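Please open the model in a viewer and keep the sequence panel beside it. The stops below proceed by selection, each with a short account of what is found there.

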Amino acid sequence: MASLKSLAKETAIYGMSSILGRFLNYLLVPLYTAKLSAASGGYGVITNVYAYVALLLVILTYGMETTFFRFANKEGEDPQRVYSTILAMVGTTSLLFVALVLTFITPISSFMGYGDHPSYIWVMAMTVAIDAFQCIPFAYLRYKKRPIKFAALKLLFIVLNIALNILFFLVLPALYVSHPDTVGKIYDPTVGAGYAFYINLACTGSITFCFWKELAGFKPAFDRKLMKRMLSYSWPILVLGIAGILNQTADKILFPYIYKGNDAHTQLGIYGAASKIAMIMAMITQAFRYAYEPFVFGKSKDKDNRDTYAKAMKYFVIFTLLAFLCVVFYIDVLKHVIAPNPEYWAGLRVVPIVMAAEILMGVYFNLSFWYKLIDKTLWGALFSFVGCAVLIAMNVLLVPKFGYMACAWAGVAGYGVAMVMSYIVGQKKNPIDYDLKSILSYVAVAAVLYFVAEYLKVGNTMLQLVVNTAMLCVFAMMIVKKEHLNIGAMLRRGRK
């Protein structure tokens, strides 16, 4: 139980940086949607480019985060040598990537549909290369149990990013109207969405200097034999990661190529803005992952590890279902915060679907540790590949007819297939006694409450919010009763 408390504490700290950071970052969505109309396609460009960024980040880290935790915790391995070798590997490949993009910038930008704006592409390439390199020092902070510095750096990036975005999308445009000659020296209104990419590069580069202790506070070492063993372990994780990130980004990458209308970036912008509301689930999963990954590998030798993994799965599902209900019950309020421009509200119908897909992805992540712990990561690559194939096939076949709704349902199908496959094979290879009865009961109740709120409209927004709040309390009370939680004792411990 003590280990679960430690996991909860670190999840809270990582969660603070992840959830608060993403919440602050979400303030950029109403800024972008207010300043970049849906018809202009500006937010669609941002959505599309950052989908490429997410995919490239996985490729350029090629599973080395997980590999670092695995080898740093292995008997007979020197953690510092593991860290130094991985740092050199990721740093070298990141530099090669930037050089390659700069060499072929014209054909690459034309192929991606940004031949008129090649700067979008080279700025993106430099940003993602620096970000990939930073992933290793960030992993090192997690390994050293230093969540405070981890959280501080994540939040520093967000604060810098928001401040500069407000400056270039709100303050300077307003000043430019009355002082074009003066303000025009640092601001060009024709750049538009491009400022989002330039600002990201500036902020990402600045954070690198905060890692001077992690980058210079040790004796560099590079072990070729260790590198080969780590690559043998990590390549299936890379395949898994590519398939996994394609489950999240393939729709946004493929959409401009397969959508039949002339307003692809407009529709993609609407879908991207609506999906941002659903990303609360991604924040929870990410916070849990940051704490859970080093926790699992560190606890792999304990006798009670399987019981702990089973409990962690149940509590993860409970918490994500609670978050799901909070979002869908208060969507009429959240839409004004995330996308104040009514042009984007047509996409709100994808929110519960995308959130359901994120829950399935989180469960799949929890299930994935059985093959990582027994060094059979090839299984993970297989599951993710099949799930990704399902998602891409549904996008290609259905987007031309159903638009971005097909993107949302394809995510559910892709994650669902991967999750079921991992569970079935995992129970044969490394069985864990998950409390399926409790988990499914929570899922059933949450589903019933959602459909009641969705199809039993009372006709008044305020009254609907009251009814939804009552139903949320019902679900919360179910959790307290079934899990035998003593709220009073928990509050007293919190005050102490």
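A residue counts as buried when its relative accessible area is under 20%. Tyr43, at 4% relative accessibility, is therefore buried. The model is a predicted one, and the tour returns to Tyr43 after a look at the whole chain.

**The whole chain**

Display the protein chain as a cartoon. Its secondary structure comes to 23 helices and 0 strands. Of its 496 residues, 54% count as buried. Among contacts with a separation of 6 or more, 83% are between residues 24 or more positions apart.

**Tyr32 and Tyr43**

Next, show the aromatic side chains; the structure holds 27 aromatic pairs. Select Tyr32 and Tyr43, whose ring centres are 6.3 Å apart with the planes at 40 degrees, so this pair is tilted. The two residues are 11 apart and link distant parts of the chain, with Tyr32 in helix H2 (residues 28-35) and Tyr43 in helix H3 (residues 42-61). Tyr32 has a relative accessibility of 7% and is likewise counted as buried.

**Leu28 in H2**

Remain on helix H2 and select Leu28. Is this residue buried or exposed? Leu28 is buried, at 4% relative accessibility. Leaving aside residues up to four places away in sequence, Leu28 touches Asn161, Ile162 and Asn165. Add Phe169 to the selection: its C-alpha atom lies 9.6 Å from that of Leu28, although 141 residues separate the two along the chain.

**From H3 into H4**

Move to Tyr62, in the loop between H3 and helix H4 (64-72). Its phi is near 30 degrees, a positive value in a residue other than glycine. Most residues other than glycine have a negative phi. The relative accessibility of Tyr62 is 11%, and the residue therefore counts as buried.

Now select H4 as a unit. How many of its residues are buried? The count is 9 of 9, so H4 is largely enclosed by the rest of the structure. The buried residues include Glu65 and Arg70 as well as Phe68, Phe69 and Phe71.

Keep Phe68 and Phe69 displayed and add Tyr83, Tyr140 and Tyr143; ring pairs link these five residues into a cluster. Then turn to Phe71, where Lys74 lies over the face of the ring at 4.6 Å from its centre. A further example of this arrangement is Lys482, which lies over the face of Tyr442, at 5.7 Å from the ring centre.

**H7 against H8**

Select helix H7 (residues 118-143) together with helix H8 (residues 147-178); they pack at an angle of about 145 degrees, with axes 8 Å apart. On the H7 side the contact is made by Phe138, Leu141 and Arg142, and on the H8 side by Lys149, Phe150, Leu153 and Lys154. Colouring this contact by residue class gives 4 nonpolar, no polar and 3 charged residues.

**Ala202 in H10**

Go next to Ala202, in helix H10 (residues 194-208). With a relative accessible area of 40%, Ala202 is partly exposed. Select Phe157 as well: the C-alpha atoms of Ala202 and Phe157 are 9.8 Å apart, while the residues are 45 apart in sequence.

**Lys252 in H12**

Select Lys252, within helix H12 (residues 224-258). This lysine is buried, with a relative accessible area of 16%. Which residues does Lys252 touch, not counting those up to four places away in sequence? They are Thr47, Asn48, Ala51, Leu268 and Tyr271.

**The cysteines**

For the last stop, display the cysteine side chains. A disulfide is a covalent bond between the sulfur atoms of two cysteines. A search of the whole structure finds 0 disulfides. Cys473 is in no disulfide, and the nearest cysteine sulfur, belonging to Cys326, is 9.8 Å away. At 40% relative accessibility Cys473 counts as partly exposed, whereas Cys388, at 6%, counts as buried.

Technical notes:
Residues are numbered from 1 along each chain as its sequence is written. This is a predicted model: local features need pLDDT of at least 70, side-chain atom pairs count only at pLDDT 80 or more; totals for chains, interfaces and linings use all residues. Side-chain values use heavy atoms; hydrogens and water are left out. Rings of Phe, Tyr and Trp (its six-membered ring) pair if their centres lie within 6.5 Å; planes under 30 degrees apart count as stacked, over 60 as edge-to-face and the rest as tilted. Helices (H or I, at least four residues) and strands (E, at least two) are DSSP runs, numbered from the N terminus. Buried means under 20% relative accessible area, exposed over 50%, partly exposed in between (1.4 Å probe, protein chains only). A charge sits over a ring if NZ of Lys or CZ of Arg is within 6 Å of the ring centre and within 35 degrees of the ring normal. A disulfide is a pair of cysteine sulfur atoms within 2.5 Å. Axes are lines fitted to C-alpha atoms, for helices over the stretch in contact, and angles run from 0 to 180 degrees between N-to-C directions. Contact means heavy atoms within 4.5 Å. Ala, Val, Leu, Ile, Met, Phe, Trp, Tyr, Cys and Pro count as nonpolar, Asp, Glu, Lys and Arg as charged, and the others, Gly among them, as polar.
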